Amino acid sequence: MGTRITSLANNFDTTGKLKAAGINNASLSGITALPSGVAGKMTLLSTQTASSSSSLSFTSGIDSTYDAYCFKYIAVHPSNSTDAQWTFQASTDGGSSYGVAVVSTNFRAYHFENDAGASLQSRSADSEEGRSNETTYQPLGYQGGAVADENCSGELWLYNPSSTTYVKHFLSRNALVGYDSGNGGFQQDVHCAGYFNTTSAIDAIDFKFATGNIDDGTIKLYGVSTS
Amino acid sequence: MGQATRNIANSFTTSGVITSSAVNNTSLGNITDLSAGGSLILLSEQTASASSSISFTSGIDSTYDEYWFIFNQCHPSNIGPNFDFHTSTNGGSSYGTTATSTFFVAYQGEGGASSALTYDTGNDEAQTTVGVTLGGSGYLNDESASGILKFYNPSSTTYVKHFISQMSVTHGNYTYECQNIFSAGYFNTTSAIDAVKFQFSAGNVDAGTIQMFGVK
């Protein structure tokens, strides 16, 4: 006991205050909540890593706890070789089914590596990547290539998904390498925004490529508090 | 020991709970991770003062898979230069990673004489090593550029490295204009990027701050 008291005493300075070195657990992993003025406003809720996955679903954690939810996808790589479409859909039944009516706009800026062309282009038609009350998966990126070093990174914001009064808006921006048979690789800056046209609460989100698997990549779900 | 013991005892309540005043380091500087903390971690902040460039040569590694750079009122010394983003694969010894990018802008003149949304082929890159233009700024006293750059997975040795940025710029060397600029692209390398540099294409960064965050 004497040794313990001596050791304890050594963790305090001469005025009796606890030294920084006296805290054994530098990660303080036991603390899971902080006052609102101290805690950050953006909280990592879950992370999923793809490994030849047909889709990645988030079926928990999307509720009324946060005002907005942000999905970040990092270096998502498709297995399919051409025209990879990175897509998502929502569920109102905890992920049992995905297919909520979507109304959306879609546009992109693109630029070929060989400088053969560059432009700002609307892609909002139903035959393209816009949606007008369809229940199919919403493309966030398209014409993606699957060469070994190509991938898609970006983010999707979903607002107030638990509302049972309003439709649910989303915003996304994605950077991905595209592939064109005539010109080869090209940069794409894809912007997609819209809303799920439902007053039912959305409680699950699913991401997948339109064809093939998600070979590699990470998706993180954050809750964002505005108050 | 008697006095020291009494001092220690005074650091605890009668029920044995440590009092808040007993913690010597209120910033808890030794704590490097906090489960309940935010996901946006400030790694470094630099303030320009007639600086030729602002470089971040440490802290960019595999710790985070996304880095944010927030630009606050970056002000050039010269008339109308571009604000450029450069990367390095050798810790900042040299910059010049091949990049392909897009660049489009929404603008509005203060007088209302001009406004548009347009792609700008003069500020995109196609496999060049000269750096990527994120925006620009006028050099008059009240003009500057502010915005955010999100840089993904820089330490990957498998994939190219994507970035997206949005800048709000005052550009008024001849006619005052608000510009909302969207730049995005990739550094076309499978080498890890471990340093970045920001500079105006001519002259210095007279003032402004740049913060680097890691996103957990």
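**Why these words fit this structure**

Student: What makes strand β13 (residues 205-215) of chain B largely enclosed by the rest of the structure?

Tutor: Eight of its eleven residues are buried, so the rest of the structure largely encloses strand β13 of chain B. Buried means under 20% relative accessible area, exposed means over 50%, and partly exposed is in between (1.4 Å probe, protein chains only). A strand here is a DSSP run of E with at least two residues, while a helix is a run of H or I with at least four, both numbered from the N terminus.

Student: And where does all this come from?

Tutor: This is a predicted model, in which local features need pLDDT of at least 70 and side-chain atom pairs pLDDT 80 or more, while totals for chains, interfaces and linings use all residues. Residues are numbered from 1 along each chain as written, chains are lettered from A and ligands numbered from 1 in the order written, and side-chain values use heavy atoms, leaving out hydrogens and water.

Student: How do you know that β1 (residues 40-47) of chain B and β13(B) pair?

Tutor: Pairing needs at least two bridges found by DSSP. Strands β1(B) and β13(B) have seven, in the antiparallel sense, so they qualify. Gln46(B), for instance, has Ile210(B) as its bridge partner in β13(B). Strand β3 (residues 66-76) of chain B also pairs with β13(B), antiparallel and over eight bridges, and there Trp68(B) is partnered by Phe213(B).

Student: Why is one side of β2 (54-56) and of β8 (132-136) of chain B left without a neighbour in the sheet?

Tutor: They stand at the edges, each with a single partner strand, so one side of each has no neighbour in the sheet. The sheet is an open one of four strands, in the order β2-β12-β4-β8 (chain B), with antiparallel pairing. Its twist averages 20° from one strand to the next. Three bridges join β2(B) to β12 (residues 195-200) of chain B, and Ile54(B) has Phe198(B) as its bridge partner.

Student: Let's go to chain A. What makes Phe170(A) and Phe196(A) an aromatic pair that is tilted?

Tutor: Rings of Phe, Tyr and Trp (its six-membered ring) pair if their centres lie within 6.5 Å, and planes under 30 degrees apart are stacked, over 60 edge-to-face, the rest tilted. These two rings are 5.4 Å apart centre to centre, with 45° between the planes, so they pair and land in the tilted class. Phe170(A) lies in β10 (residues 168-180) of chain A and Phe196(A) in β11 (residues 184-196) of chain A, so the pair ties together parts 26 residues apart in sequence. Over all chains the structure holds 31 aromatic pairs.

Student: How do you know that Phe170(A) counts as buried?

Tutor: Its relative accessibility is 1%, so Phe170(A) falls below the limit and counts as buried. Phe196(A) has 0%, so the verdict is buried there too.

Student: Why is Asp216(A) called partly exposed?

Tutor: Its relative accessible area is 31%, which is neither under 20% nor over 50%, so Asp216(A) is partly exposed. It sits in β13 (residues 214-224) of chain A. Asp216(A) and Ala50(A) are 166 residues apart in sequence, yet 4.9 Å apart C-alpha to C-alpha. Leaving aside neighbours within four places in sequence, Asp216(A) has contacts (heavy atoms within 4.5 Å) that include Ala50(A) and Tyr159(B).

Student: What joins the side chains of Ser104(A) and Gln138(A)?

Tutor: A polar contact of 2.7 Å. The rule asks for a pair of N or O atoms within 3.5 Å; within protein, one must be able to donate a hydrogen and the other to accept it, and residues adjacent in sequence count only through side-chain atoms on both sides. Ser104(A), in β5 (residues 102-112) of chain A, has 7% relative accessibility, so it counts as buried.

Student: Where does the charged end of Lys208(A) sit?

Tutor: Over the ring of Tyr137(A), 4.2 Å from its centre. The test is NZ of Lys or CZ of Arg within 6 Å of the ring centre and within 35 degrees of the ring normal.

Student: What makes strand β12 (residues 204-209) of chain A mostly covered?

Tutor: Five of its six residues are buried. Strand β12(A) pairs antiparallel with β2 (residues 56-58) of chain A over three bridges, and six bridges join it to β4 (residues 84-91) of chain A.

Notes
Axes fitted to C-alpha atoms, helices over the stretch in contact; angles between N-to-C directions.
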